[in-house]
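Work through the exercises below with the sequence and the structure at hand. Each task is followed by its solution.

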Amino acid sequence: MFLGRKSELESLSKSYKNKGFQFPVIYGRRRVGKTTLIKEFCHGKKAIYFVAVQSSAKENLEILSSQILSVLAPEAPQNPFGSFREAIEYVFSRAKKERIIFAIDEYPYLCGSVQAVSSVLQAIIDREQADSKLFLILCGSSMSFMEKQVLGYKSPLYGRRTAQYKIQPFDYLESAEMLNGFSNEEKIILYGATSGVPEYLSRIDNSLSLRTNIQNLFFDTAGRLFEEPSNLLKQELRSPETYTAIIAAIAEGRSKLNEIATKVGIETSQCSAMLNTLTGLGLVRKEYPVTEVNSKKSIYILDDWMFVFWYRFVQPDLSRISMGYGGDVCDEVFEKSLSDHTGRAFEACCVQYMWRALGKKILPVSFKKIGRWWGNNPKERREEEIDFIAFSDDNAIFGECKWKNTKVDENTLDGLVCKSELFGQFKNPQYILFSKSGFTDGLIRRAKKENNVILRGMDALFFA
């Protein structure tokens, strides 16, 4: 069953109805469902789907030739074309009379074996597109490559694409569509373990308990995610060892450049360059206090909850898990640490809720930017943190997210109000509190009385 990607599929379908030449570029990190999206779009249409491989130009040409001829000339001898130029020109020539989809997946692999292929494509597109009905799709998992070598200014293909789609993991609400049978609380926990990656979510067995699924995925040597981060890094990087150490340092709580470099044992300049690479892969994000521009308070955080989970809970106990004690490790995680991890993921879910709520116009004020804030409280002489501030001009909503087993009370609101007083630029601030376990009667009465306080329990996050 195909779930999610409704807006991308609708956009592709709309472009398909335009009879002229179309050239969308689809990219995103591995496992997010790019191939599934393309195949769903191609279903029922005349489509050539070619997946490039990390091999020689000869083998890629043979595979490409076979795919082209099986669709466009199934009765003809299946001999390979003489060159990639000949193969591509044949597809374009056939697309002068009929609509044909020509999807090239893992395009970076093709460029690796045929360095001139982008220039070949560019020349043919420029010559043929005016009379072509071809729907050309280039897809790739190396985001930095696709952004620089396909979409970038220096690329031969620059300016030719008619649309681009950066495919992201599902958010918590999209993930929930794949988690029928679990409670809303369990859906948040599973989102925090999988980071909303569709391929990982598809491995969850809805007939099994939450704990059993987590153990089967992470704490079993045969589990789908037992070695996943290591495998992903090996696919993307030639020498992943130092990158692995950097990710582990961030997962342990090192967030500043010098802290990470010291922990790993490398120069800050080298560390900075490697962090940029991990950022390009969508695994690390450089973050600033949301209200500050060009701040020196920048920190680095892992931008993938599955990586956070794995490096925090699996990597430190690889030996025990490998010796068959994965169940014990899983028990310890559930008893001692899972709640803290999910609490951070819950904050991300609440921010996602805010963006969705903005689109539905169910918030008291609009906002253009949202994010975490941290800084000094000069009056109290201490560091403060705010889970998020959503703001635009002089309007702001201050948010607090509580993942705990007790109800949120008025003290939490009072603390948030106190911290909001550090921001004199915002007039008539609004407050929103999210809670896993609900709110005390006193806070509920106060929120009804005051017109600037919003309370959102767990079920409220799962609106239609």
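The exercises cover a helix pair, a strand and the nonpolar cores.

The model is predicted, so local features need pLDDT of at least 70 and side-chain atom pairs pLDDT 80 or more, while totals for chains, interfaces and linings use all residues. Residues are numbered from 1 along each chain as its sequence is written, and side-chain values use heavy atoms, without hydrogens and water.

**Exercise 1.** Determine how helix 13 packs on helix 15.

Step 1. Helix 13 spans residues 240-251 and helix 15 residues 268-280; helices are DSSP runs of H or I, at least four residues, numbered from the N terminus.
Step 2. Their axes are 11 Å apart, at an angle of about 85°. Helix 13 is therefore roughly perpendicular to helix 15 (65 to 115 degrees).
Step 3. Helix 13 makes the contact (heavy atoms within 4.5 Å) through residues including Ile 246 and Ile 250, and helix 15 through residues including Met 274 and Leu 278.
Step 4. The residues of this contact are 8 nonpolar, 2 polar and no charged.

**Exercise 2.** Which side chains of strand 5 are buried?

Step 1. Side chains alternate along strand 5 (residues 163-166).
Step 2. Ala 163 and Tyr 165 point to one face and are buried (under 20% relative accessible area, 1.4 Å probe, protein chains only).
Step 3. Gln 164 and Lys 166 point to the other face and are not buried. Gln 164 stands opposite Val 25.

**Exercise 3.** Which helix gives the most to the largest nonpolar core?

Step 1. The largest such core (buried Ala, Val, Leu, Ile, Met, Phe, Trp, Tyr and Cys joined through side-chain atoms within 4.5 Å) has 82 residues.
Step 2. Helix 17 (residues 318-360) gives the most, with 12 residues.

Technical notes. Buried means under 20% relative accessible area, exposed over 50%, partly exposed in between (1.4 Å probe, protein chains only). Helices (H or I, at least four residues) and strands (E, at least two) are DSSP runs, numbered from the N terminus. Two strands pair if DSSP finds at least two bridges between them. Axes are lines fitted to C-alpha atoms, for helices over the stretch in contact, and angles run from 0 to 180 degrees between N-to-C directions. Angles under 35 degrees count as roughly parallel, over 145 as roughly antiparallel, 65 to 115 as roughly perpendicular and the rest as oblique. Ala, Val, Leu, Ile, Met, Phe, Trp, Tyr, Cys and Pro count as nonpolar, Asp, Glu, Lys and Arg as charged, and the others, Gly among them, as polar.
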